[in-house]
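Got your viewer open and a selection box ready? Here is a short tour, one stop at a time.

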Amino acid sequence: MLGLGSGLSSLGVLQGSASFANEYSINFDGTNDYFDTGSTFQTTFRSSFTIGFWIKTTSLNTSAAEYFFGSFDLTGDFTVHHLQVTTAGALSYQFGPEAQYLTASTANGVLNTSNGTNGAWTHIGVVVNKVGSSSNTTAKIYVNGSDVTDSTSQGVTGTEHEAYDAGTVKLAFGSLKIGTSNLYYWEGKMDEIAIWNTNLSDASMAVVGDSVFNLKAATGDYTNQSNLVSNWRFIEGSSTSVEDATTNSDGILVNGPTWVTDTPS
């Protein structure tokens with residue numbers, strides 16, 4: 001088990017996961033390849049939501065920041081939505097129009113040789129909570145099911161959140177999608193990407209970040225299976241097409257990310 005809750009399996013972490021196999025993941029080269037989700041998720045991102053995925057890498061890019069996921073619409077208010085890892089191993093998440101970002105950040109070294117760049121599979125999560133129309137939206141960053149958020153800048157009200165407009169820019173993983181181009185490619189392996197249309201609780205994130213299981217089934221303190229909007233499990237092992245387990249938005253591998261049999265468990 002990884003992260004918090006080493007005893008979670010005794011509480012039912014594996015229930016509902018019979019015949020659940022995880023055989024493949026995707027390896028990004030950090031040069032020009034990425035995963036196109038096939039959707040802007042505009043409706044989902046106009047309310048509370050959660051994004052989670054597993055990564056495996058052995059080093060940080062100390063020359064430039066890289067992006068785990070992101071979209072940047074260059075029209076209108078320059079809508080931004082992305083999660084980057086800095087050259088110092090901090091995670092930085094931004095959401096909203098350019099003039100009023102919501103920013104959540106971790107301390108430097110959250111991803112380092114003892115947590116996230118040590119060749120072990122690591123779960124990364126972002127939970128965004130739209131509190132109300134006149135209140136500020138909040139965000140948390142999780143590593144292996146633990147809240148590691150160090151600072152937040154609450155610059156997006158609920159009304160602004162509800163007006164989130166990604167234009168035609170589809171969400172990408174492994175890079176930042178800027179208009180019709182991609183930049184800031186991430187190097188490493190990624191697997192089990194999921195998006196929910198609600199803000200998962202700390203207890204739910206502890207389960208999700210502890211091990212791989214069937215997200216379409218209730219498991220211990222995780223009861224958000226009905227909120228699962230998309231789940232790309234990378235079960236194909238070949239091809240450029242990636243099935244969404246929820247059937248909502250099949251994605252495409254662009255510029256040749258490689259299939260590997262190294263997976264989180």
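In which sense do S4 and strand S12 (residues 172–173) pair, and over how many bridges? Select both: S4 and S12 run in the antiparallel sense, with two bridges between them. Strands "pair" here if DSSP finds at least two bridges between them; strands (E, at least two residues) and helices (H or I, at least four) are DSSP runs, numbered from the N terminus.

Some ground rules before you click on. This is a predicted model, where local features need pLDDT of at least 70, side-chain atom pairs count only at pLDDT 80 or more, and totals for chains, interfaces and linings use all residues. Residues are numbered from 1 along each chain as its sequence is written, and side-chain values use heavy atoms, with hydrogens and water left out.

**Stop one: strand S4**

Stay on S4, residues 66–72. Seven of its seven residues are buried (under 20% relative accessible area with a 1.4 Å probe, protein chains only; exposed is over 50%, partly exposed in between), so the strand is largely enclosed by the rest of the structure. Show Phe69 and you'll find Phe173 of S12 opposite. Now add strand S5 (residues 80–85), which pairs with S4 in the antiparallel sense over six bridges; Gly70 has His82 as its bridge partner there. Then add strand S13 (residues 176–178), whose pairing with S4 is parallel, over two bridges. In that pairing, Phe72 is matched with Ile178.

**Stop two: salt bridges**

The whole structure has five salt bridges (a side-chain nitrogen of Lys or Arg within 4 Å of a carboxyl oxygen of Asp or Glu).

- Select Lys56 and Asp262: their side chains meet at 2.7 Å, N to O. The pair links distant parts of the chain, with Lys56 in strand S3 (residues 49–56) and Asp262 in the segment after strand S19 (258–260), 206 residues apart. Add Lys189 to the selection, as Lys56, Lys189 and Asp262 are linked in a network of salt bridges.
- Next, Lys140 and Asp202, with the closest N and O atoms 3.4 Å apart. Lys140 sits in strand S9 (residues 138–143) and Asp202 in helix H3 (residues 202–208), 62 residues apart. Lys140 is partly exposed at 32% relative accessible area, and Asp202 is partly exposed too, at 42%.
- Finally, Glu192 and Arg233, at 3.0 Å between the closest N and O atoms. Both Glu192 and Arg233 are buried.

**Stop three: the cavities**

Keep Glu192 selected, since the next stop uses that residue again. The structure has two cavities of 30 Å³ or more. A cavity is a set of points on a 1 Å grid over the protein atoms alone where a 1.4 Å probe fits but cannot get out, and lining residues have an atom within 4 Å of a point. Its volume is the space filled by probe spheres set on the points, which are joined across faces, edges and corners.

The largest cavity is about 80 Å³, and its lining includes Trp54, His123, Glu192, Trp196 and Phe213. S15 gives the most to that lining, with three residues. By class the lining has seven nonpolar, three polar and one charged residues.

The second largest cavity is about 50 Å³. Among the residues lining it are Ile55, Glu66, Phe68, Val85 and Trp186.

Key. 1 Å grid on protein atoms, 1.4 Å probe; cavity = no way out; pocket = protein on both sides within 12 Å on 5 of 7 lines; lining within 4 Å. Nonpolar A, V, L, I, M, F, W, Y, C, P; charged D, E, K, R; others polar.
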